Amino acid sequence: RKKVTIPTLQAMHKRNEPITMITAHDFPSAHVADQAGMDMVLVGDSLAMVALGMEDTSEVLLEEMILHCRSVARGAKAAFIVGDLPMGSYEVSPEHALQSAIKMVKEGRVHAIKLEGGAEMAPAIAKITTAGIPVLAHIGLTPQRQNALGGFRVQGKSTAGALKLLADALAVQEAGAFAVVLEAVPAEVAALVTKKLRIPTIGIGAGNGCSGQVLVQVDMSGNFPPGRSLPKFVKQFGDVWSEARRAIEQYRTEVKGRSYPASEHTYPMPKEAYTEFER
Ligand code: KIV
Ligand code: NA
């Protein structure tokens with residue numbers, strides 16, 4: 001498979017081919033996403049919850065993100081890899097944002113970074129792109145700002161909210177973002193914003209009118225314990241957790257019952273050698 005680059009993504013967008021993106025947080029989850037043909041792999045800071053068991057994304061550090069980025073970069077050989085700048089690593093100033101972005105590219109081996117925020121982050125986006133690091137913007141529901149937003153709520157539902165979303169989308173485009181994630185916004189708003197932009201929109205909970213889609217891998221593959229509630233926009237395409245549990249339970253049963261390991265799982269020894277050993 002040919003390496004996906006910014007021009008590849010631009011060409012897809014131009015011919016109206018949906019761009020596919022999924023999160024990965026380590027070598028195996030990156031490898032399988034790459035082999036399954038994903039155009040882009042995102043090392044999302046959602047790994048704070050899904051890989052590290054943290055309460056929310058505000059806890060994960062830049063150094064921790066970088067460790068995961070590096071393992072994803074080893075697993076995804078063709079996909080375009082984007083790393084999330086975590087909360088606290090880019091808000092203070094555009095210089096601060098650029099320093100964190102450079103660190104993530106040099107040490108994390110990603111191709112681009114993502115950061116949350118609209119018009120207010122335009123100077124940071126401009127600073128980072130000027131240094132030659134592509135930026136994926138992220139507007140609408142921005143989980144790092146959940147305390148200010150009052151939780152995980154749909155954004156751009158009112159006329160004023162939709163106008164703000166459009167203004168943010170235009171601002172990040174003008175600042176140089178190569179694409180923008182639209183999270184949890186009404187489908188018709190996302191579709192109109194997509195029409196008004198030159199750059200692709202990557203939707204998550206933003207309907208079918210976006211230029212591409214992104215989902216969190218553990219959510220869409222069902223790699224989480226039963227009973228967890230998923231956001232409305234997630235479609236569960238698999239049941240990886242149940243399959244892992246089934247396999248581990250079967251292993252347990254066979255070890256307890258001494259049916260594993262069977263003879264085909266053991267190394268033979270010449271009989272004479274053993275007889276000699278036994279004496
Ligand atoms: O952290 C993440 O997984 C994300 C995507 C859901 C867009 O930011
Ligand atoms: Na994120």
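The legends below describe close-up views of one predicted model.

Residues are numbered from 1 along each chain as the sequence is written, and chains are lettered from A while ligands are numbered from 1, in written order. Because the model is predicted, local features are given only at pLDDT of at least 70 and side-chain atom pairs only at pLDDT 80 or more, whereas totals for chains, interfaces and linings use all residues.

**View 1. The whole chain and its two assigned domains.**
The C-alpha trace spans about 85 × 40 × 40 Å along its principal axes, and the secondary structure comes to 12 helices and eight strands (DSSP runs numbered from the N terminus, H or I over at least four residues for a helix and E over at least two for a strand). The domain assignment, which is of an automatic or database kind, gives domain 1 as 6–238 and domain 2 as 243–278, and the centres of these domains, taken over C-alpha atoms, are separated by 46 Å. Of the 279 residues, 42% count as buried; a residue is called buried if 20 or more other C-beta atoms, placed from the backbone, lie within 10 Å of its own, exposed if 12 or fewer do, and partly exposed in between. Among contacts between residues at least 6 apart in sequence, 59% join residues at least 24 apart, a contact being a pair of residues whose C-beta atoms, placed from the backbone, lie within 7 Å.

**View 2. The shell of residues around ligand 1.**
Ligand 1 is surrounded by Thr23, Leu42, Gly44, Asp45, Ser46, Asp84, Val181, Ile204, Val214 and Val216, where a residue belongs to the surroundings if its C-beta atom, placed from the backbone, lies within 6 Å of the ligand. This shell divides into five nonpolar, three polar and two charged residues; here Ala, Val, Leu, Ile, Met, Phe, Trp, Tyr, Cys and Pro count as nonpolar, Asp, Glu, Lys and Arg as charged, and the others, Gly among them, as polar.

**View 3. Helix α9 with its buried and exposed faces.**
In α9, which covers residues 187–196, Val189, Ala190, Val193 and Thr194 are buried. Seen down the helix axis, these buried residues fall within an arc of 135°, so they line one face of α9; the arc is that of the directions from the axis to the C-beta atoms. An α-helix has 3.6 residues a turn, so residues three or four places apart point the same way. The buried residues of α9 are covered by elements including α8 (159–175), β6 (179–183) and β7 (201–204), while the face turned away from the buried side carries the exposed residues Glu188, Lys195 and Lys196.

**View 4. Phe178 in the loop between α8 and β6.**
Phe178 is buried, with 20 other C-beta atoms within 10 Å. Leaving aside residues up to four places away in sequence, Phe178 touches Ile6, Pro134, Val135, Leu136 and Ile199. One of these partners, Pro134, is 44 residues from Phe178 in sequence, yet the two C-alpha atoms are 6.4 Å apart in space.

**View 5. Helix α11 and the residues that follow.**
Helix α11 (residues 240–256) has 17 residues and reaches 24 Å from its first C-alpha to its last, close to the 24 Å expected at 1.5 Å a residue, the expected span being 1.5 Å times one less than the number of residues. The number of buried residues among the 17 of α11 is zero, so the helix lies largely in the open. Glu254, which is placed in α11, counts as partly exposed with 13 C-beta neighbours inside 10 Å, and Glu254 touches Ser259 and Tyr260 when residues up to four places away in sequence are not counted. After α11 comes Arg258, whose phi is positive, near 55°. Tyr260 and Pro261 are joined by a cis peptide bond with omega about -5°, and Pro261 lies in the loop between α11 and α12 (271–278).

**View 6. Two loop residues with positive phi, Asn16 and Arg109.**
Most residues other than glycine have a negative phi, and most peptide bonds are trans. Asn16, in the loop between α1 (6–14) and β1 (19–23), has a positive phi of about 65° although it is not a glycine, and Asn16 is exposed, with 7 other C-beta atoms within 10 Å. Arg109, in the loop between α5 (94–108) and β4 (112–116), has a positive phi near 60° and is partly exposed, with 17 other C-beta atoms within 10 Å.

Definitions and conventions:
Contact = placed C-beta atoms within 7 Å.
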